[in-house]
Amino acid sequence: MPVDVRIPNEQPIAPLAAARSFVEKFREPAHILVAISGGSDSTGLLLALHEVMSEKGRDLLRLSAVTVDHALRVESADEARKVATLCAELGIPHVTRRWEGLKPVSGISEASRLARYRLIAEAAVAFDADLVVTGHTAGDQRETVAMRAARNSGEDNLGLSGMADAVLYARRHWIMRPFLRCERQAIRDYVSSRSRRWLDDPSNENPRYERVRMRQALPDVPLPADGGEAEKRRISSEKTAVFLRAHAEVFSGALAKLQPDGVSPDRADFRHGLAVLIASLGGRPYLPAAGSMERVLCFLKTGNYGRMTVGRVLLDRRRDGLYIFREQRNLPELRLEAYQKGLWDDRFIVENRSPFPVRVSAEEAGTGAGFPSVPPGVTRLALSGLPQIAAAEAGETVGELTVDVTPRLAPFDLFLPRFDLELANTIAVLFGRPAYPQPPV
C-alpha cells in the first residue's frame, strides 16, 4: 500500500503544538526515546514532549532519553552530565553513550553521524524503545535542501525532497522528527519560557563544516522553488515501485533482468528503478552519480546491444532484455569464525552457524545451478558474483543449513526515508527479503 509521507508546506508551528500533534497520532502504547545533545532544539523537544505527555490522558506513552558524547571536545563529558541532570529533574530515564576509540582525520562529520546513530540504536535496544525522536528543525531542512541542490542541479535530484519526517535505521529503529516545521528561534523562546537553558556547541559555528558554511550563506543562496518536493519524492518512488513490479526480475540476489519493453531511458520511473538496481546489485549505499547515469542512459538510448560497467556492476543489453549483475573484479574473501556473522562484498550478510570457521569467496567461473530463461553466458558471469561457502580448515565439511546467506540492500538497509518505503519493499520482495517494518505513526 502507498505510504502517506506528506510534509505540508505550511507556516511554521510552535514547538508545543508540534509536540502535541505528534503525540496525538499514537493510538497504541509506545516508548519514545529522545536523542538529546543539550542544544536548544533537542532540549526543546524533550521539554515539549514531557509537558504534553504530562497532560491528562497521555498515559499511553513513556519517555526516555539518550545523549551521545562524541568525545571530540574536552567539554563534551560535562555537557552530557548536565543533560543527565536535566532528565533526572524531569524524572526521565537517561543514558549517555560515548564514542570511544580513535577518530578519523578526514570525513569526521560523516563518521560522527554514523557513530551517533549506532550508539542511539544501542540505547534504543537497551531501553526497549519503540521509536527514536530527534530535534531537527525547519532550519535544518532548509540547509539540507540547499546543500543537496548545490551538489546536483539535475532534474532527477531526489535530494531536493530534504529530510523525511521519519527514517528507518538499520532495518529496525524508526527515527522521527516532530520539529521539522518548527523554527529554531521559536524553540529557544519556548525553552526560555520554561526557565530552562541549553548548551551551545561551538562546532555549530565552525565554517570547516559544510552545513555551517551553508547556514551562514543561506541568506545569499537562492533556494529551489517550493514545489512540494517531499510529495514529489513519494510519488516518484511509488511510480518506480510499480514499474519494477511490472518489468523487473531478480535471481538469487545477484542478477536483475529488465524486460525489453521496460528499457525506456526517457521515463523517470525507468531511470530511478535502474539506479536503485545498480546500487543494490553493486552493494552501494548511494545511487550512481548523475554523470555515471548519464553515460548509462546515452548507451541505452542508442538501442545497440552490448555491455558497459557502472557502480561495480555490468550492464549487458541483449535482444531479450537488459541484464544487470556484479562485475567480476575485486571480489573479496572473508573468513568467519564459528557462530560469527559478517558482510561479504557489501552485498550479502553471511551468518556462520557452524562450530568451525568458514571461508566465503566468489564462485569459480559460475559453477552453481543456472537461472531459468537467462542466457548461459549471462548466467555464468552472474553466478561468479555469488558467495561460495567452504570450510576454512582442511578436513572440515560445511553441512547443510549451517550457513545463512541474505542479500543486503545497501541503498535502504542503513537509512530508509519513509517516502521511499514502498519502493524499498518492492526491492526487498524482488531480492527475496521480508518487507521493512512500518513506522509507528
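**View 1. Arg312, Arg326, Asp345 and Arg347 join up in a salt-bridge network.** This is a predicted model, and the four side chains here are linked to one another through salt bridges. Across the structure, the salt-bridge count comes to 35.

**View 2. Asp420 and Arg233 meet in a salt bridge.** The N to O distance is 2.6 Å. This pair ties together distant parts of the chain, 187 residues apart: Asp420 sits in the loop between β18 (415-417) and α13 (421-430), while Arg233 belongs to helix α8 (residues 229-247). Asp420 is buried at 5% relative accessibility, and Arg233 counts as buried too, at 12%.

**View 3. Helix α8 holds a salt bridge between Glu238 and Arg234.** Their closest N and O atoms are 2.8 Å apart. The two residues are four apart in the helix, so about one helical turn separates them. Both Glu238 and Arg234 are buried.

**View 4. Glu337 pairs up with Arg335.** Here the closest N and O atoms of the salt bridge lie 2.7 Å apart. Glu337 is partly exposed, with 37% relative accessible area, and Arg335 is partly exposed at 42%.

**View 5. Ser252 and Asp346 have positive phi values without being glycines.** For Ser252, phi is about 55°; look for this residue in the loop between β7 (248-251) and β8 (255-258). Ser252 is partly exposed at 46% relative accessibility. Asp346 has a phi near 60° and lies in the loop between β13 (341-344) and β14 (348-352). Asp346 is partly exposed as well, at 33%.

**View 6. Cys182 and Cys298, in a structure with zero disulfides.** Cys182 is buried, with a relative accessible area of 0%, whereas Cys298 is partly exposed at 41%.

Methods
Residues are numbered from 1 along each chain as its sequence is written. This is a predicted model: local features need pLDDT of at least 70, side-chain atom pairs count only at pLDDT 80 or more; totals for chains, interfaces and linings use all residues. Side-chain values use heavy atoms; hydrogens and water are left out. Buried means under 20% relative accessible area, exposed over 50%, partly exposed in between (1.4 Å probe, protein chains only). A disulfide is a pair of cysteine sulfur atoms within 2.5 Å.
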